[in-house]
Amino acid sequence: MRPISRRALAWRIVVALVGIGLLLNGSLRMSDDVWPFGPLSQYAFSPAKDATIVITRVEARLADGRRIDLPLNVESVGIGRAEVEARIPQILADPSLLEAVVQGWTVRHPTEPAVQQAWLVQDETRLAGGRPGPKRVVELAGWQVPG
Amino acid sequence: MTAAGTASASASGTAGGAAQAIAGWFAPVVPQSRVAVLRTICYLFVVIDMHLIVRDPIPLSAHPELYQPLFVERLFRLPPPSVPLATTLYVVLLAGCAIAAANRLPRVAGFTVAAAFSWWTAIGMSYGKVDHDHLPLVVALWVLPTVGVIEGRWRSTQSSAQAGWALKCIQIGVIFTYFLSALTKIRSGGWSLTSWPDSSILMWAIVRRPHFLGQLLMSHPDLLHAMQWMSFTAELTSFVVLWFRGRLLLAAAVFWLGFHVFTTALLFITFAPTALCWLAFAPLERLGPWLRGVIAGWRQRAGRRATGHPVAVLGDQPVDGSG
């Protein structure tokens with residue numbers, strides 16, 4: 001058996017206890033900002049039985065007139081849906097932030113016609129008694145790609 | 001000895017016993033080869049993780065206008081991500097993982113990977129979305145190097161409390177991923193035990209991430225509620241697993257790995273890093289001898305086929321017609 005000094009054992013126990021303390025503190029008091037010691041908040045909220053569920057998307061009108069969905073994932077535009085959702089207030093204040101999505105899509109789809117306009121939209125599904133009810137599409141912001 | 005002296009000796013004996021029990025729990029003596037094997041698996045997994053899970057730091061770092069640094073990035077005054085920076089981290093991680101997976105330079109390579117992967121993951125989570133499946137893996141990367149050089153690596157015959165402490169920390173990281181998520185659910189529901197399991201959270205998740213099994217269950221909201229109660233109860237009581245041993249521990253591991261398979265089928269949320277870190281509970285020291293036995297068996301059979309002369313192997317069945 002490999003020996004271990006009292007000091008080496010002591011610091012290990014202190015580190016473990018401090019780590020546990022930070023994790024408990026993060027979950028009980030803090031926000032995601034203190035990752036990796038933040039609360040484990042994924043799916044940790046409680047939507048009501050009549051909640052409205054939204055799926056955020058970005059649509060674009062191409063130079064050939066088609067209006068298409070720019071799939072929000074790393075392969076298609078370089079940014080995930082969650083990242084765009086987290087920046088909705090900023091995009092509403094400054095729709096030109098949609099440029100990040102348009103640029104990401106353009107670089108990854110060089111053979112497609114240029115994007116002329118982009119919109120931030122949400123598919124809304126309203127629950128009724130805990131079951132999916134009617135759906136509708138809401139346009140939140142639009143941005144004209146400069147000439 | 002007086003009565004007072006006896007009581008005092010007994011009290012200090014009890015205190016010493018308690019300290020020893022705490023030390024024995026946090027740092028049990030376990031085979032070091034367990035850590036050597038887990039190092040190889042974890043560092044190879046980091047490479048997979050960088051390509052399949054936290055795979056967006058390089059494309060994300062091309063958008064400084066969307067970057068919002070986390071507390072840890074502000075605390076250490078880390079420079080804002082850029083494509084050259086993220087690419088450098090990528091290269092450092094590939095090289096560091098290759099060295100550390102071979103159990104070479106365990107401290108230097110290990111701590112380099114720990115720091116680089118923590119930064120890499122922090123970048124991936126600085127654009128609005130913070131995931132919670134990496135807690136045990138990040139813990140593993142920081143504690144595995146502390147065991148230092150393991151002589152004989154996978155073949156080590158030595159045991160140590162250093163190895164036991166590292167594995168215990170990873171085990172705590174795994175279990176706390178469940179237990180803390182239950183605490184967060186209680187907190188977010190206004191400190192209510194029933195708010196989350198009674199909510200429409202699974203329906204919400206399925207609507208947003210529609211997959212085959214989820215769509216099948218959408219017409220059964222009562223079943224989804226029952227599943228919420230089951231997972232919440234399991235998460236809230238998960239910490240008892242830290243005291244399980246033997247078959248009870250195996251049953252708990254099978255339950256939680258089954259839980260991950262189910263959430264993957266239902267929502268396509270894998271929690272792969274957490275699932276992988278369940279290996280910190282496993283007797284991984286048996287993997288080396290088992291693999292060596294399998295390889296020796298292959299070689300023996302291959303040699304027998306090449307020469308055409310069957311070689312008798314104790315307990316083995318003949319594999320060619322002439323045997």
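Reader: How many residues does the contact take from chain B, and how many from chain A?
Author: Keep in mind that this is a predicted model. Both chains contribute to the contact, chain A with 48 residues. From chain B the contact takes 56 residues.

Reader: Which element gives the most to the side of chain B that touches chain A?
Author: Several elements each supply at least two residues there, among them α1 (3-26), α7 (135-143) and β2 (159-160) of chain B. The one that gives the most, with 14 residues, is α8(B).

Reader: And how many residues on that side of chain B are nonpolar, polar and charged?
Author: Let's take the groups from the other end. On the side of chain B that touches chain A, 8 residues are charged and 15 are polar. The nonpolar ones number 33.

Reader: Which helix gives the most to the largest nonpolar core?
Author: That core has 105 residues, and those with the most contacts inside it include Val101(A) from one chain and Ala166(B) and Ile170(B) from the other. With 16 residues, the helix that gives the most is α8 (residues 161-188) of chain B.

Reader: Why does this core lie between two domains of chain A, and which are they?
Author: The core takes in residues from both domains, so it lies between them. The two are domain 1 (1-45) and domain 2 (52-144) of chain A.

Reader: Where does Val101(A) sit, and what do the buried residues around there pack against?
Author: Val101(A) belongs to helix α4 (residues 99-108) of chain A, where it is buried, as are Ala100(A) and Trp105(A). Leaving aside neighbours within four places in sequence, its contacts include Val58(A), Leu70(A) and Ala118(A). The buried residues of α4(A) pack against β1, α2 (81-86) and β3 of chain A, together with α3 of chain B.

Reader: Which strands stand at the edges of the sheet in chain A?
Author: The sheet is open and antiparallel, with 4 strands in the order β2-β1-β3-β4. Two of them have a single partner strand each, so one side of each is left without a neighbour in the sheet. Those edge strands are β2 (67-69) and β4 (131-144) of chain A.

Reader: What is the bridge partner of Val54(A) in β3(A)?
Author: Strand β1 (residues 52-62) and strand β3 (residues 115-128) of chain A run antiparallel and are joined by 11 bridges. In β3(A), the partner of Val54(A) is Glu124(A).

Reader: Which helix of chain B packs on the sheet?
Author: This helix touches β1, β3 and β4 of chain A. Its direction makes about 15 degrees with that of β1(A). The helix is α9 (residues 201-208) of chain B.

Technical notes: Residues numbered from 1 in each chain as written. Chains lettered and ligands numbered in written order. Predicted model: local features only at pLDDT ≥ 70, side-chain atom pairs only at ≥ 80, totals over all residues. Core = buried A, V, L, I, M, F, W, Y, C linked by C-beta atoms within 7 Å. Buried ≥ 20, exposed ≤ 12 C-beta atoms within 10 Å, placed from the backbone. Domains from an automatic or database assignment. Contact = placed C-beta atoms within 7 Å. Pairing = 2+ DSSP bridges. Axes fitted to C-alpha atoms, helices over the stretch in contact; angles between N-to-C directions. Nonpolar A, V, L, I, M, F, W, Y, C, P; charged D, E, K, R; others polar.
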